[in-house]
Amino acid sequence: MARIIVVGSGVAGLAAAARMATGANDVTLIERNGSPGGSLIWATPDTLTLPAVLRDLFVKTGGRKASAAGKLEEVVDLRPIDPVRTYRFPDGSSLDLPNAARGASKDAFDAAFGHGAGDAWLRVVDHGNRAWSAVRPTLVEVPDAGRRDLWRLFSSSAARRALAPRRTLRQIGEAAGVRDPRMMRVLDEYAQAAGAAPETAPSVIAIRPYIEQTFGAWRIVGGLPELATALYERCLKRGVSFRFDTEVTSIAAGSVTLADGERLSADVIVAAVDAHVLARLTGTVKGSKAAPADYSPSILSIRLESRNATETTPATETTERAYETVLFGEGDEQPTIRLRVAPERPNEWIAYADVALSMTSQDAEELKSAIAKRLGIAAESLTVREVFTPGDRERLTSTPGGSLHGPAISSLNSAILRSPTVQPIKGLLHVGPSARPGPGIAFAALSAWNAAEVLKPTRV
Ligand SMILES: Cc1cc2nc3c(=O)[nH]c(=O)nc-3n(C[C@H](O)[C@H](O)[C@H](O)COP(=O)(O)OP(=O)(O)OC[C@H]3O[C@@H](n4cnc5c(N)ncnc54)[C@H](O)[C@@H]3O)c2cc1C
């Protein structure tokens, strides 16, 4: 039985703790905040992709009896989203993107952007398919994959073609036949939602629309906090010990030191924190404020209450909204706004936009006005009920600048080969969006799987 310390109780830390405790290890999870969940606790309607990763997690940690509320669907109410999202463009046109329906997606693109757009979209998705097939067995689901595996992969011309390492997502779009600038903005949005700048987003980002369009997009009724609770309860069931309101101030081989000076020994330490936080804890970088310039942006999130739309808005506008609406601005200087509305709470809208740390709660009113303008409704029909700034997020998770996805993605390397699961310090593993294989809940949970696999043959 190995003594394992997990630092951080976001989705990656909870998933790693549950998996490792199932392997009859003695697992303690240390969390700076007073409750588990990290980013998950700011209740927002969420979009989950690759639910198979979470399904596997709950089945494998569910105990010997196959039922016993072991499955994902038994612990959270998981539902497919259709349409996946609605894109609204400044000229008033829009696109409803269907969920995991190839033919319907082709028709939707043709209808929105003209004949041929649907085929161009499918070519982008197919590029994502080839890229995913190349990286999944070699880099993604290989716990200690590294640069040497990437170079080995490049020795195959089929893999080089599939990964197109020197091309951007936009170039892949152009080659696939994307002609309409509005359609290119749809591709750009996949890049931005993954923490990449549209101009430099690498072509491998095409795996995101492929995964979403092939395995579907899902939501959890009640939002992400429901997932945090389910993961926490699963950890308790597997015997994980929790220490809340406890900050780790340094990590060394075989031990962590807490803010009160206490030193805890462990055979394995799993850092479920951002890469920059980890570097600070291991002493690789000094100072808490020195955020790397190339981090993905944070977001300003607001919770809005929408009054009965028929009283205050044009007759065409009703309170019934798509689950997610992407509201594009006029040009690059106007940030894209994402609006999410859970069907159970149609008058509660959650909106967010990528912003820098300097954004404050005063900017929430501006964000509200921009939403109203882009939807063509009266700003007075919306009331800001809650604001979550990048600073709030930085305080909640310690991630530099409150960055949503950790280090920005600007190349194949930074997209897939992020901070290694197996760190240079003996017995130290790294999980979460800034570790391999990348941002988002599904990939964070996959990073925990990777870490647990490393432990199996006692390779650390
Ligand atoms: C508003 C919003 C909407 C989102 N929507 C989606 C979505 O729809 N789909 C999707 O896939 N993803 C979404 N995400 C992203 C997703 O929530 C995150 O990628 C994921 O939750 C990050 O998990 P994590 O394990 O890295 O940990 P984090 O959530 O970053 O948590 C890290 C934890 O470590 C703790 N910690 C840090 N330093 C220390 C220390 N020194 N000692 C002890 N504890 C420490 C922190 O307190 C924190 O609890 C969204 C995020 C936000 C904020």
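Which residues are buried in helix α6 (residues 147-154)? In this predicted model, where local features need pLDDT of at least 70, side-chain atom pairs count only at pLDDT 80 or more and totals for chains, interfaces and linings use all residues, the buried positions of α6 are Asp-149, Leu-150, Leu-153 and Phe-154. Residues are numbered from 1 along each chain as its sequence is written, and side-chain values use heavy atoms, with hydrogens and water left out. Buried here denotes a relative accessible area under 20%, exposed an area over 50%, and partly exposed the range in between, with a 1.4 Å probe and protein chains only. Helices (H or I, at least four residues) and strands (E, at least two) are DSSP runs, numbered from the N terminus.

Viewed down the axis of α6, its buried residues fall within an arc of 145 degrees, so they line one face of the helix; the arc is that of the directions from the helix axis to the C-beta atoms. On the other side of α6, Arg-148, Trp-151 and Arg-152 are exposed. The cover over the buried residues of α6 includes α5 (117-140), α7 (157-163) and α16 (412-416), contact being defined as heavy atoms within 4.5 Å.

The surroundings of the ligand comprise 33 residues, of which Glu-31, Ser-39, Thr-47, Pro-433 and Ile-441 come nearest; a residue is near a molecule or strand if one of its heavy atoms lies within 4 Å of it. By class, this shell has 15 nonpolar, 12 polar and six charged residues, where Ala, Val, Leu, Ile, Met, Phe, Trp, Tyr, Cys and Pro count as nonpolar, Asp, Glu, Lys and Arg as charged, and the others, Gly among them, as polar. At least two residues of the shell are supplied by each of α1 (11-22), α12 (275-281) and α15 (390-397), and the largest share, three residues, comes from α15.

Polar contacts with the ligand (pairs of N or O atoms within 3.5 Å; within protein, one must be able to donate a hydrogen and the other to accept it, and residues adjacent in sequence count only if both atoms are side-chain atoms) involve both backbone and side-chain atoms. An oxygen atom of the ligand lies 3.2 Å from a backbone N or O atom of Val-11, and a nitrogen atom of the ligand is 3.2 Å from a polar backbone atom of Arg-32. In the case of Asn-33, an N or O atom of the side chain is 3.2 Å from an oxygen atom of the ligand. Taken alone, the ligand exposes 1,000 Å², and the protein buries 95% of that; accessible areas come from the Shrake-Rupley method with a 1.4 Å probe, and for residues only the protein chains shown count as cover.

Two further helices can be described residue by residue. Ala-176 is found in helix α8 (residues 169-176) and is buried, with a relative accessible area of 6%. When residues up to four places away in sequence are not counted, Ala-176 touches Ala-120, Arg-123 and Val-124. In helix α10 (residues 207-215), the buried residues are Ile-207, Pro-209, Tyr-210, Ile-211, Glu-212 and Gln-213, and Gly-216, just after α10, takes a positive phi of about 95 degrees.

Backbone geometry in the loops is considered next. A cis peptide bond, with omega of about -5 degrees, joins Asp-82 and Pro-83, and Pro-83 is found in the loop between β4 (78-80) and β5 (85-88). A cis peptide bond also joins Arg-436 and Pro-437, with omega of about 5 degrees; Pro-437 is found in the loop between β18 (428-430) and α17 (441-455). Ala-100, in the loop between β6 (94-97) and α4 (102-113), has a phi near 45 degrees, a positive value in a residue other than glycine, and is partly exposed, with a relative accessible area of 36%. Asp-245, in the loop between β8 (241-243) and β9 (248-252), has a positive phi of about 50 degrees although it is not a glycine, and counts as exposed at 61% relative accessibility.

Finally, Ala-379 has its place in the loop between α14 (363-375) and β17 (382-388) and is partly exposed, with a relative accessible area of 22%. Leaving aside neighbours within four places in sequence, Ala-379 is in contact with Lys-368 and Ala-372. The C-alpha atoms of Ala-379 and Lys-368, 11 residues apart along the chain, are separated by 7.0 Å.
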